[in-house]
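The exercises below ask for patient reading of a chain and its fold. Please work through each task before turning to its solution.

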Amino acid sequence: MEPAEEARFLILAAQREGNRRLAHGLRPLGVTPAQAEVLRLLAERQPLSMSGLGALLVCESGGNPSRLVDRLVTAGLVRREEGSRDRRHVELTLTPSGHETARSVAAVEAELHAGISAAAQGHDLDSVLAFLRSLVADQDAGRAVALRTGGPTSGEGKHRRA
């Protein structure tokens, strides 16, 4: 197997395993990993417009997370409100229940991140991160991560340290 092919499969395997672990931890909260990402983004950055949220999401592509948000509104976790300046502009915020769920999601994520940090011990994580940033540079998901981390949103300066 070529190294690039092995890298592709290892990235896919790591993503699947991480998502499986995250989904398992979130199951008692009644939210999916994609819904959890929305809740955490709103907890950190609310209010957000639908397009603003879409630009930050890694779990969904296309920039329009309407269906995902609809499910969270129906579950009573997210509130849609008319913008204060423009009635056509919709602002998304968390409900009190949404805040509580977002805090629980953060605890599940912290546990997952601790496991990732433990597995990274003794490895050059900066090099891995630089490689992964380079791999997703100029892609929607890569731009979303860069927006969230304050990194470059294009191929320029993609070897920035987190």
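**Exercise 1.** Leaving aside its neighbours within four places in sequence, which residues is T93 in contact with?

*Solution.* Begin with the nature of the model, which is a predicted one. Next, place the residue: T93 belongs to strand 3. Then look for its partners beyond four places in sequence, which turn out to be Q46, P47, L77, V78, R79 and E81. Finally, consider its accessibility: the relative accessible area of T93 is 12%, and because buried means under 20%, T93 counts as buried.

**Exercise 2.** Work out the order of the strands in the sheet, and decide which of them stand at the edges.

*Solution.* Start from the whole chain, which holds seven helices and three strands, arranged from the N terminus on as α-α-β-α-α-β-β-α-α-α. The three strands form an open sheet in the order 1-3-2, and their pairing is antiparallel. Strand 1 (48-49) and strand 2 (78-82) each have a single partner strand, so these two stand at the edges and one side of each is left without a neighbour in the sheet. Helix 4 (residues 66-74) packs on this sheet, where it touches strand 2 and strand 3, and its direction makes about 110 degrees with that of strand 2.

**Exercise 3.** Trace the bridges that strand 3 makes with strand 1 and with strand 2.

*Solution.* Take strand 1 to begin with: two bridges join strand 1 to strand 3 (residues 90-94), and the two run antiparallel. Within this pairing, L48 has L92 as its bridge partner in strand 3, while S49 has E91. Now turn to strand 2, which pairs with strand 3 over five bridges, again in the antiparallel sense. Here E81 has E91 as its bridge partner in strand 3, so that E91 is a bridge partner of S49 and of E81.

**Exercise 4.** Check whether the length of helix 2 agrees with the expected span, and name its buried residues.

*Solution.* Helix 2 (residues 33-45) has 13 residues and, at 1.5 Å a residue, should span 18 Å; because its end C-alpha atoms are 18 Å apart, the expectation and the model agree. The residues of helix 2 that are buried are A34, Q35, A36, E37, V38, L39, L41 and L42. For the chain as a whole, buried residues make up 27% of the 162 residues.

**Exercise 5.** Describe how helix 2 and helix 5 pack against each other.

*Solution.* Two packed helices are described by the angle between their axes and by the distance between those axes. For helix 2 and helix 5 (residues 96-120), the angle is about 110 degrees and the axes are 9 Å apart. The two helices are therefore roughly perpendicular to each other, and helix 2 passes helix 5 in a left-handed crossing. At the place of meeting, helix 2 brings A36, L39, R40 and A43, whereas helix 5 brings T101, A102, V105, A106 and E109.

**Exercise 6.** Which residues does L112 touch, not counting residues up to four places away in sequence?

*Solution.* L112 lies in helix 5 and is buried, with a relative accessible area of 17%. Its partners in contact are G18, R21 and L22. One of these, G18, is 94 residues apart from L112 along the chain, yet their C-alpha atoms are separated by 7.7 Å. Across the chain, among contacts between residues at least 6 apart in sequence, 49% join residues at least 24 apart.

Methods: Residues numbered from 1 in each chain as written. Predicted model: local features only at pLDDT ≥ 70, side-chain atom pairs only at ≥ 80, totals over all residues. Heavy atoms only, no water. Pairing = 2+ DSSP bridges. Helix = DSSP H or I, 4+ residues; strand = E, 2+ residues; numbered from the N terminus. Contact = heavy atoms within 4.5 Å. Axes fitted to C-alpha atoms, helices over the stretch in contact; angles between N-to-C directions. Expected span 1.5 Å × (residues − 1). Buried < 20%, exposed > 50% of the residue type's maximum accessible area, 1.4 Å probe, protein only. Parallel < 35°, antiparallel > 145°, perpendicular 65-115°, else oblique. Left-handed = near helix turned anticlockwise from the far one by under 90°.
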